[in-house]
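Please work through the exercises below with the sequence and the model side by side, and try each task before reading its solution.

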Amino acid sequence: MDANHLKYHSKNAFCGSAGHEEVAHLDNLIEELTNEELKLLVEKVGIKFKVNDNSLEREDYEGVIDEADREDFYREYRKIIQSRSK
């Protein structure tokens, strides 16, 4: 992992510190989300793209979610899942 890359996200991010099992768990959670839910989650955890959202695809959002702080991710993920039942 490039040391410069690590300065752009929380030290508690999945990126650079998550083990194989945790990454697999993260991938499983992400698979449960619709495209709109994933886009919302990326926004809620504070990840911003330097390009127009309209040019992005699901893979782009999946590719950056590991940069989320774990606590932020799980909190916002839970909110999204809970909002389905309302």
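Three exercises with worked solutions follow.

This is a predicted model, in which local features need pLDDT of at least 70 and side-chain atom pairs count only at pLDDT 80 or more, while totals for chains, interfaces and linings use all residues. Residues are numbered from 1 along each chain as its sequence is written, and side-chain values use heavy atoms, with hydrogens and water left out.

**Exercise 1. The chain and its core**

Task: Describe the secondary structure of the chain, and state which residues of the largest nonpolar core touch the most other members.

Solution: Begin with the elements, where helices (H or I, at least four residues) and strands (E, at least two) are DSSP runs numbered from the N terminus. The chain has 5 helices and 0 strands, in the order α-α-α-α-α from the N terminus on.

Next, take burial, where buried means under 20% relative accessible area, exposed over 50%, and partly exposed in between (1.4 Å probe, protein chains only). Of the 86 residues in the chain, 30% are buried.

Then turn to the largest nonpolar core, a set of buried Ala, Val, Leu, Ile, Met, Phe, Trp, Tyr and Cys residues joined through side-chain atoms within 4.5 Å. This core has 18 residues, and those touching the most other members are Ile30, Leu33, Leu41, Val42, Ile65 and Phe73. Two or more residues come from each of helix 2 (20–31), helix 3 (35–44), helix 4 (58–64) and helix 5 (70–83).

Finally, consider Phe73, using contact in the sense of heavy atoms within 4.5 Å. Beyond its neighbours within four places in sequence, Phe73 contacts Phe14, Leu26, Leu29, Ile30, Leu41, Val45, Ile65 and Ala68.

**Exercise 2. The two sides of helix 3**

Task: Determine how the buried residues of helix 3 are arranged about its axis.

Solution: First list the buried residues of helix 3, which are Glu37, Leu38, Leu41 and Val42. Seen down the axis, they fall within an arc of 135 degrees (taken from the directions from the helix axis to the C-beta atoms), so they line one face of the helix. These buried residues pack against helix 2, helix 4 and helix 5, whereas the face turned away from them carries the exposed residues Glu36 and Glu43. Just after helix 3, Gly46 takes a positive phi of about 90 degrees.

**Exercise 3. The setting of Thr34**

Task: Locate Thr34 and decide whether this residue is buried, partly exposed or exposed.

Solution: Thr34 lies in the loop between helix 2 and helix 3. Its relative accessibility is 42%, and therefore Thr34 counts as partly exposed. Not counting residues up to four places away in sequence, Thr34 touches Arg58 and Arg84. The C-alpha atoms of Thr34 and Arg58 are separated by 9.2 Å, although these residues are 24 residues apart along the chain.
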